[in-house]
Number of protein chains: 2
Amino acid sequence: MTTDMNSAEFRRFGHEIVDWIADYLENNRGLPVMPQVSPGVLEDALPAEAPEEGEPMERILEDFRTLVMPAVNHWNHPRFHAYFSVSASAPGILGEMLTAALNTNGMLWLSSPANTELEMVVMRWLRQWLGLPESFFGMIHDTASVSTMHALAAARLAAEPRVREDGAPRDLVVYTSEHAHSSVEKGALALGMGQKQVRKVATDAEFRLRPDLLRAAIAADRAAGLRPCCVVSTVGTTAVTSVDPVAEVQAIAEAEGLWHHIDAAYGGPAALLPEMRWMLDGAERADSLVVNPHKWLFTPIDLSAFYCRRPEVLREAFSLVPSYLRTGQDARAVNLMDYGVPLGRRFRALKLWFVMRWFGRRKVERILRSHIEWARELAGEIQADPRFELCAPTPLSLVCFRLKAGDEENRRLVDRVNESGEAFLAGNVLGGRYMLRLAIGHVRTTREDVWAVWERIRRLAADPL
Amino acid sequence: MTTDMNSAEFRRFGHEIVDWIADYLENNRGLPVMPQVSPGVLEDALPAEAPEEGEPMERILEDFRTLVMPAVNHWNHPRFHAYFSVSASAPGILGEMLTAALNTNGMLWLSSPANTELEMVVMRWLRQWLGLPESFFGMIHDTASVSTMHALAAARLAAEPRVREDGAPRDLVVYTSEHAHSSVEKGALALGMGQKQVRKVATDAEFRLRPDLLRAAIAADRAAGLRPCCVVSTVGTTAVTSVDPVAEVQAIAEAEGLWHHIDAAYGGPAALLPEMRWMLDGAERADSLVVNPHKWLFTPIDLSAFYCRRPEVLREAFSLVPSYLRTGQDARAVNLMDYGVPLGRRFRALKLWFVMRWFGRRKVERILRSHIEWARELAGEIQADPRFELCAPTPLSLVCFRLKAGDEENRRLVDRVNESGEAFLAGNVLGGRYMLRLAIGHVRTTREDVWAVWERIRRLAADPL
């Protein structure tokens, strides 16, 4: 009985797909970044009934090209400037191909030694790039939301060792800034910490967490009989890429006995640059930190790097080893399933290993530095244009700006840019006013791309909105 | 400035990797399934220092072949019979290549319409294959552990709507069988339900949850002033693939007002077979169900299908939409980030779409039916051999057996099989005695593979252990 596709067929379609990807990466500037489609576009075009008989791969690929592709929003496009610009670099894609073929699960060291060991290697390398000490244990999760949820779980256990037996205490409190990512609150909710246990501390004029208000909030909670447990600072907030004062937050965390988790999901990679390393000053004494190579380090989604200086607490929070997974190597080798919720752990380290080796630190630095420079140049241009205004500083590679006009005009401007297909921007409401977000971070974005997009924005803004 | 690898280079290495994968899939029977390596094998072989300068892809691939590969445990090998046998079929690998290249994030419908819509399409198709009603909303998670954690979170909210504000109540109780997967307990721990809130109900002689004991446990908890909240039944337990009486559990859940979650992570796909559909009788009225195409449906890891008949409860548990993610399509389109913890959602649906279309239901049925038949044949052989005994029934494709000898002899037998490189088995302790697990489930496993492994086991058992 034939079962899987035969080798000749796999080769034929594999080569066809490699060529398709090469063309896509080379030429996707010609595609509209955001598709102009309505809900139902793909669901209505595909059969409502599941396939009974197998179909030839030609037909599947034809449907991929003609039905799926027109409904794709091109995150891997050099003019994708919405949310955070991300990229799957060519070396990262090559790594993913091998990960799919090996299909390994690194739940235990024994279940595939290469998975766990390469994960330890790339986490060590990335730690060196970020200038963090060896005391940080690193492991890979899918997303920063999941990394942060694990940090909060460890913080909770550190504050209340009886949580494993008794459940979540309702008197623990988590602090973060009003501009922190929603994953902090979502992680707390998932863990059974109610919204009453989450404090969003106000920020300064540059959208950074205010240490004085953090201190006051902790004092107020203590006075009310609650137990402050964890503070999450952000290096590169999603809304405006503001950088919280990590060292000051760390000092407060130490003085108050709080777990300090740093969400550097987006901003972290910029700490490779000597001139940006200040962002992580103080991080060396923090308890945990997350940085996402799938955001600004050219690695295909998903790969979130989670560091923890107290891995034994993580392990205490999550280890539940059933007997069929006990192995003779347990004393000498790390079994990463013991440090988190997911049991299955695909071989994500491979793509990051490809990316770090192919680029090397020097090239990564050059690319990140250009992104930051272009963002600042663009911010200068915007400031120089009397029709526009900046809405926030530009410490990293996100430019937040708006037309000096009503929210409706600004919304329409975003829509027109996106409908033009030439770029994809996101909007956001900041301090009650709508603004445009233009993030630069794709590995193949050029200065010309940024300038072409800015020209397009200016031209569209010149028409009545 | 050159940034990403150029197109010619990507083509060259992409084609090289496709050929390597084709050779690997065709010839990996020649590789030892489990590597004979010690902890440190790869960490010690790779530079301790992160790369400063980029390296040519030739050298990276050379290290992949000579350093990484010897430390890989070959999950994608037809004689990988440990844990659950899984497989990345060729069509699934082709799908993963495109997912990596597109690098999309389906957090919102708008953030890539194709992601959300194809996810809805494949979840509908799989629901049809499993014979579940349309009322089941389906979405994709990475692993069953994460799917089950989300089910428990929904169950908790259904029992106690104030959990979002107030945090996890300590009086809710979750029930499952003593043979349920550890992910049930781990999910509860993560959610802040203490171990005191988890009951492991004893099973019958065939390792199935006993409804009478479930009823008694619920009554005892109610009498103690606790609130029974959720019951998790299993279709194909990890230890022995026993199938809990889903319909009876469902009847109890309805009578008692409990959320019923079904963990069909491994066993679920077998419900495609008309002769095995009985396993899911009663599931049509359950609240949620998880089945993992990355286990027994030829889909590269990771892809866990999570169904929920009350998606509004999931949404209430997890939705926290920040303003920069609000889109004009919200009323008409599903934003999957609102239904769970992870914000980033890679385009996993694509590989399952490739697999379901290329194989079609008929071919999937033929393959799954052979696996079950071979497992039963093998069980018969084992029973006929006076040196061996079966340790559990063989309802699906896992054979649990042991030498009629001490645990040490059985442990040594597993080690010798694994050291031979010819197959990879796992051991387990069941009822205090060590047994061998031989799972059949790889898309390219043949009857000859199974018989060759059995011959090897018999020969090794003939030598002094």
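Here is a short walk through the model, from the domains of one chain to the pairing of two chains. Keep in mind as you look that the model is predicted.

Let's begin inside chain A, which is divided into two domains. Domain 1 is built from three stretches of the sequence, 1-34, 73-89 and 360-465, while domain 2 covers 105-345. If you take the centres of the two domains over their C-alpha atoms, 29 Å separate them.

Where do these domains of chain A meet? With contact taken as C-beta atoms within 7 Å, 21 residues of domain 1 touch 21 residues of domain 2. On the domain 1 side, at least two residues each come from helix α12 (349-384) and from the strands β9 (398-403) and β10 (426-430) of chain A. The largest share belongs to α12(A), which supplies 6 residues. Sorted by class, this side of domain 1 of chain A holds 14 nonpolar residues, along with 4 polar and 3 charged ones.

Now step back to see both chains. In general, two copies of a chain are related by a rotation about an axis and a shift along it. Here, a turn of 180° with a shift of 0.0 Å along the axis lays chain B on chain A, at an RMSD of 0.0 Å. The two copies are therefore related as by a two-fold rotation axis. To find that axis in your viewer, try B:L191: its C-alpha is the nearest to the axis in chain B, at 2.0 Å. Both copies also use the same surface, since 100% of the contact residues of chain B recur in chain A.

Terms used. Residues are numbered from 1 along each chain as its sequence is written. Chains are lettered from A and ligands numbered from 1 in the order in which they are written. This is a predicted model: local features need pLDDT of at least 70, side-chain atom pairs count only at pLDDT 80 or more; totals for chains, interfaces and linings use all residues. Domain bounds come from an automatic or database domain assignment. Two residues are in contact if their C-beta atoms, placed from the backbone, lie within 7 Å. Helices (H or I, at least four residues) and strands (E, at least two) are DSSP runs, numbered from the N terminus. Ala, Val, Leu, Ile, Met, Phe, Trp, Tyr, Cys and Pro count as nonpolar, Asp, Glu, Lys and Arg as charged, and the others, Gly among them, as polar. Copies are superposed by least squares on the C-alpha atoms of residues with pLDDT of at least 70 in both.
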